[in-house]
Amino acid sequence: MSKPYTGGCACGAIRYEISAEPIAMNDCQCRDCQSTSGTGHGSYLTFPSREAVKLEGEARHWDMVGDSGNVKTRGFCPACGSPVYLTFSAMPDLFTIHAASLDDPGRYEPQMVTYAVRGHAWDRLDPAVPKFERMPPMQGVANAPASGDPGEGRHAGAPARGPAGCRMVGPHLQ
Ligand SMILES: [Zn+2]
Ligand SMILES: [Zn+2]
């Protein structure tokens, strides 16, 4: 494994150290990510296990409900307001950080763009990075939720994507 991923908020009140490799790195252009980033997309690294995460400082938490009814919890610094991390009630092991909160943001290498359907013409991203209208099918991802979870009605508006159905990975369980 490479050295831990370290970072935190702009003022330093919140710090993290993650001794794991990310299972996903994505830019997300959904409206939630636009609103909370203040620009056209959010950029995220998602780690497979909370046990690999050391957190210092007290983030404030804000729960928001995606279109699916799944709860996303956004952790941000109450002093400087920086968004730092995200967690998901339907996938409690996952821990997602904002790429620019890293001490070395150059370690972020986006693998995909999610919710490109919501993207704006002025928010141009690398055309070499694959885009998904919403989320990609979840396949071969560790710690996927067991079948039956997190309930029906999820992604009701999204087209079926084969046998993987609605199993999605990443920060945006819309
Ligand atoms: Zn701060
Ligand atoms: Zn998003």
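User: Is Ser101 buried or exposed in this model, and where along the chain does Ser101 sit?

Analyst: Burial is read from relative accessible area, where under 20% is buried, over 50% exposed and anything in between partly exposed (1.4 Å probe, protein chains only). Ser101 has a relative accessible area of 7%, so Ser101 counts as buried. Ser101 belongs to the loop between strand 9 and strand 10, strands being DSSP E runs of at least two residues and helices H or I runs of at least four, numbered from the N terminus. This is a predicted model, in which local features need pLDDT of at least 70 and side-chain atom pairs pLDDT 80 or more, while totals for chains, interfaces and linings use all residues. Residues are numbered from 1 along each chain as its sequence is written, chains are lettered from A and ligands numbered from 1 in the order in which they are written, and side-chain values use heavy atoms, without hydrogens or water.

User: Which residues does the side chain of Ser101 meet through polar contacts?

Analyst: A polar contact is a pair of N or O atoms within 3.5 Å; within protein, one must be able to donate a hydrogen and the other to accept it, and residues adjacent in sequence count only if both atoms are side-chain atoms. The side chain of Ser101 pairs with the side chain of Tyr16 at 2.7 Å, and a polar atom of that Ser101 side chain also lies 2.6 Å from the backbone oxygen of His98. Contact in general means heavy atoms within 4.5 Å, and with residues up to four places away in sequence left out, Ser101 touches Thr6, Gly7, Gly8, Tyr16 and Val84.

User: Where is Arg107, and which residues does Arg107 contact?

Analyst: Arg107 lies in the loop between strand 9 (95–98) and strand 10 (112–114), and its relative accessible area of 16% is why Arg107 is classed as buried. Beyond its neighbours within four places in sequence, Arg107 is in contact with Ser2, Lys3, Pro4, Tyr5, Met25 and Leu102, and the Arg107 side chain reaches the backbone oxygen of Pro4 at 3.0 Å. Arg107 and Leu45 are 62 residues apart in sequence, yet their C-alpha atoms are 9.7 Å apart in space.

User: How should I read the pairing of strand 1 with strand 2?

Analyst: Two strands pair if DSSP finds at least two bridges between them. Strand 1 and strand 2 are antiparallel and joined by 4 bridges, with Tyr5 opposite Ile18 in strand 2. Their hairpin has 6 residues between the strands, and Gly12 takes a positive phi near 90° there. Strand 2 also pairs in the antiparallel sense with strand 5 (residues 53–56) over 4 bridges, and in that pairing Ile18 stands opposite Val53. Along strand 2 the side chains alternate, Tyr16 and Ile18 pointing to one face and being buried, while Arg15 and Glu17 point to the other and are not.

User: What does Tyr5 do on the other side of that pair, in terms of burial and polar contact?

Analyst: Tyr5, found in strand 1, has a relative accessible area of 5% and is therefore buried. The side chains of Tyr5 and Glu21 are joined by a polar contact of 3.3 Å, and the C-alpha atoms of these residues, 16 places apart along the chain, are separated by 8.2 Å.

User: Which residues touch the most other members of the largest nonpolar core?

Analyst: A nonpolar core is a set of buried Ala, Val, Leu, Ile, Met, Phe, Trp, Tyr and Cys residues joined through side-chain atoms within 4.5 Å. The largest core has 20 residues, of which Ile18, Leu45, Phe47 and Ile97 touch the most other members. The elements giving two or more residues to this core are strand 2, strand 4 (42–47), strand 8 and strand 9. Apart from this core lies another of 10 residues, including Cys28, Tyr44, Tyr115 and Met135.

User: Which residues coordinate the zinc ions, ligand 1 and ligand 2?

Analyst: Donors are N, O and S atoms within 2.8 Å of the metal (3.2 Å for Na, K and Ca), and sites may look incomplete because water is not among the atoms. The zinc ion (ligand 1) is coordinated by the SG atoms of Cys9, Cys11, Cys77 and Cys80 at 2.3 to 2.4 Å. Cys9, in the loop between strand 1 (5–8) and strand 2 (15–18), and Cys77, in the loop between strand 7 (71–76) and strand 8 (83–88), are 68 residues apart and link distant parts of the chain. The zinc ion (ligand 2) is coordinated by the SG atoms of Cys28, Cys30 and Cys33 at 2.2 to 2.3 Å, with the sequence spacing C-x1-C-x2-C.
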